[in-house]
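Me: Please take a close look at one part of this structure and describe it for me in a connected way. I would like the strand pairing to come before the helix packing, with the cut-offs behind each term spelled out.

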Amino acid sequence: MTSISALQNLPVQQNQEPSAMHSWAVVIAHTLEHAGVDSQALFHEAGVEYKQAVNPYMRVPTAKMNKLFQLSVLATKNPGFGLSMVEFIHPTTFHALGYSLFASSTLEDFFERLVRFFRIASDNCLHHIEESQTEYKLRIELLVPNLSHETQDGWTATIVKFIRAIYRPGFNPVRITLPRPELPLAVREKYQRYFRCPIEFDADEWAVYYDRDEVNVPLPAGNSELALANDKVAMDYLAQLEKSDLVTSVRSLIIQQLPSGNCSKEWVAASLHMSPRNLQRKLDLQKTNYQDILDQTRKGLAKKYIESKHTSISEITYLLGFSDTSNFSRAFKRWLGCTPSQYRTRADHKNT
């Protein structure tokens with residue numbers, strides 16, 4: 001199998017406390033209230049601030065979120081509490097990430113956004129894409145060994161819910177493996193009815209498997225322009241969320257400066273208040289360099305712009321900071337093995 005991971009998903013630094021968006025806690029509150037439980041009292045006991053309004057920049061430390069889940073399971077007497085949460089999860093729960101996911105043009109596009117932007121929702125885990133000839137596997141790597149089972153259940157159910165919403169209601173994964181301990185029979189049956197595929201509990205890894213033939217099917221509501229706009233918001237969010245993430249900051253500055261045609265390493269370094277040499281030294285520590293980040297950023301944007309029928313090749317050339325269309329075409333062919341016009345023609349055929 002080949003594996004794809006994004007530079008966006010760097011391991012949590014040891015001096016940072018793992019956390020998740022407060023909106024995840026809001027979903028817990030709604031689930032508790034629906035079950036007739038006083039959510040405010042449980043939040044107080046867990047040490048989590050009780051707010052029903054969603055502030056995308058509020059974060060809850062993982063230890064407190066785990067405690068809140070533990071109390072919620074006890075209060076509701078529901079070992080499948082994580083699955084029950086999915087009813088109250090919406091794209092808006094995850095800020096710009098949710099909108100980008102719903103505007104994805106294919107499921108592969110959807111999964112790549114999870115790999116790239118999931119840290120908006122939580123820095124407790126990383127997403128990896130692994131492919132074989134028949135299967136497309138989304139593997140979720142835990143960065144926090146004691147991450148609650150309810151978080152794992154709720155997020156797995158959320159992924160499937162979102163795919164059914166943007167692809168087709170009858171969609172089912174091929175199979176699911178969960179590291180959480182096996183549940184009582186009655187609860188397992190609820191999981192089976194929801195996921196409608198084989199589920200392995202107490203597994204060695206957390207993964208969801210999909211049919212390889214389905215991941216490139218054009219999605220009915222795919223909108224490259226809307227996805228691009230929300231990708232930019234997501235990038236800005238990550239840059240604000242973690243100023244110490246140099247790769248995110250560099251990529252955000254590149255996107256900002258590309259149309260000027262003067263997106264140099266010197267300009268980016270100056271914007272970050274460091275010398276070009278110091279910038280490269282810091283990027284070396286993260287096993288990348290300025291040119292690689294520039295190329296990957298341009299490549300990702302180029303694909304999305306080409307998929308948008310309303311943006312001409314000359315406009316894309318300008319937006320990506322190339323001096324002329326021939327230079328852009330050569331770079332595009334190096335990235336994707338075809339010219340921009342050929343790629344657009346293929347994308348049009350897929351959508352017809």
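Reply: Strand β5 (residues 135–142) and strand β8 pair in the antiparallel sense, and 6 bridges join them; two strands are said to pair if DSSP finds at least two bridges between them. This is a predicted model, in which local features need pLDDT of at least 70 and side-chain atom pairs count only at pLDDT 80 or more, whereas totals for chains, interfaces and linings use all residues. Residues are numbered from 1 along each chain as its sequence is written, and side-chain values use heavy atoms, with hydrogens and water left out. Strands (E, at least two residues) and helices (H or I, at least four) are DSSP runs, numbered from the N terminus.

Within the pairing of β5 with β8, E135 has D211 of β8 as its bridge partner. On β8 there is also an antiparallel pairing with strand β6 (residues 175–177), made over 3 bridges, where R175 stands opposite Y209 of β8. Strand β8 itself spans residues 206–211 and is mostly covered, with 5 of its 6 residues buried; buried means under 20% relative accessible area, exposed means over 50%, and partly exposed lies in between (1.4 Å probe, protein chains only).

Strand β5 is largely enclosed by the rest of the structure, because 6 of its 8 residues are buried. Strand β4 (residues 125–131) also pairs with β5, in the antiparallel sense and over 7 bridges, and these two strands form a hairpin with 3 residues between them. Two of the residue pairs in that arrangement can be followed on the model: H127 has I140 of β5 as its bridge partner, and E130 stands opposite K137 of β5.

In a regular strand the side chains alternate between the two faces of the sheet. For β4 both faces are covered, since the buried residues are C125, H127, I129 and E131 on one side and L126, H128 and E130 on the other. In total, 7 of the 7 residues of β4 are buried.

Now to the helices. Two packed helices are described by the angle between their axes and the distance between the axes. The axes of helix α6 (residues 107–117) and helix α9 (residues 224–241) come within 11 Å and cross at roughly 15°; axes here are lines fitted to C-alpha atoms, for helices over the stretch in contact, and angles run from 0 to 180 degrees between N-to-C directions. Helices α6 and α9 are therefore roughly parallel to each other, the term for angles under 35 degrees, while over 145 counts as roughly antiparallel, 65 to 115 as roughly perpendicular and the rest as oblique. On the side of α6 the contact is made by R113, R116 and F117, and on the side of α9 by A227, D231, A234, M235 and L238, where contact means heavy atoms within 4.5 Å. By class, these residues comprise 5 nonpolar, no polar and 3 charged; Ala, Val, Leu, Ile, Met, Phe, Trp, Tyr, Cys and Pro count as nonpolar, Asp, Glu, Lys and Arg as charged, and the others, Gly among them, as polar.

One residue of α6 deserves a separate mention: R113 counts as buried because its relative accessibility is 3%. Leaving aside neighbours within four places in sequence, R113 is in contact with L97, S100, L101, S104, F118, A227, D231 and K304. Helix α5 (residues 95–102) has A96, L97, G98, S100 and L101 as its buried residues, and what covers them includes α6, α7 (149–166) and α9.

Helix α9 also meets α10: their axes come within 9 Å and cross at roughly 140°, which makes α9 oblique to α10. Here K232, M235, D236, L238 and A239 of α9 meet T248, R251, S252 and I255 of α10, a contact with 4 nonpolar, 2 polar and 3 charged residues.
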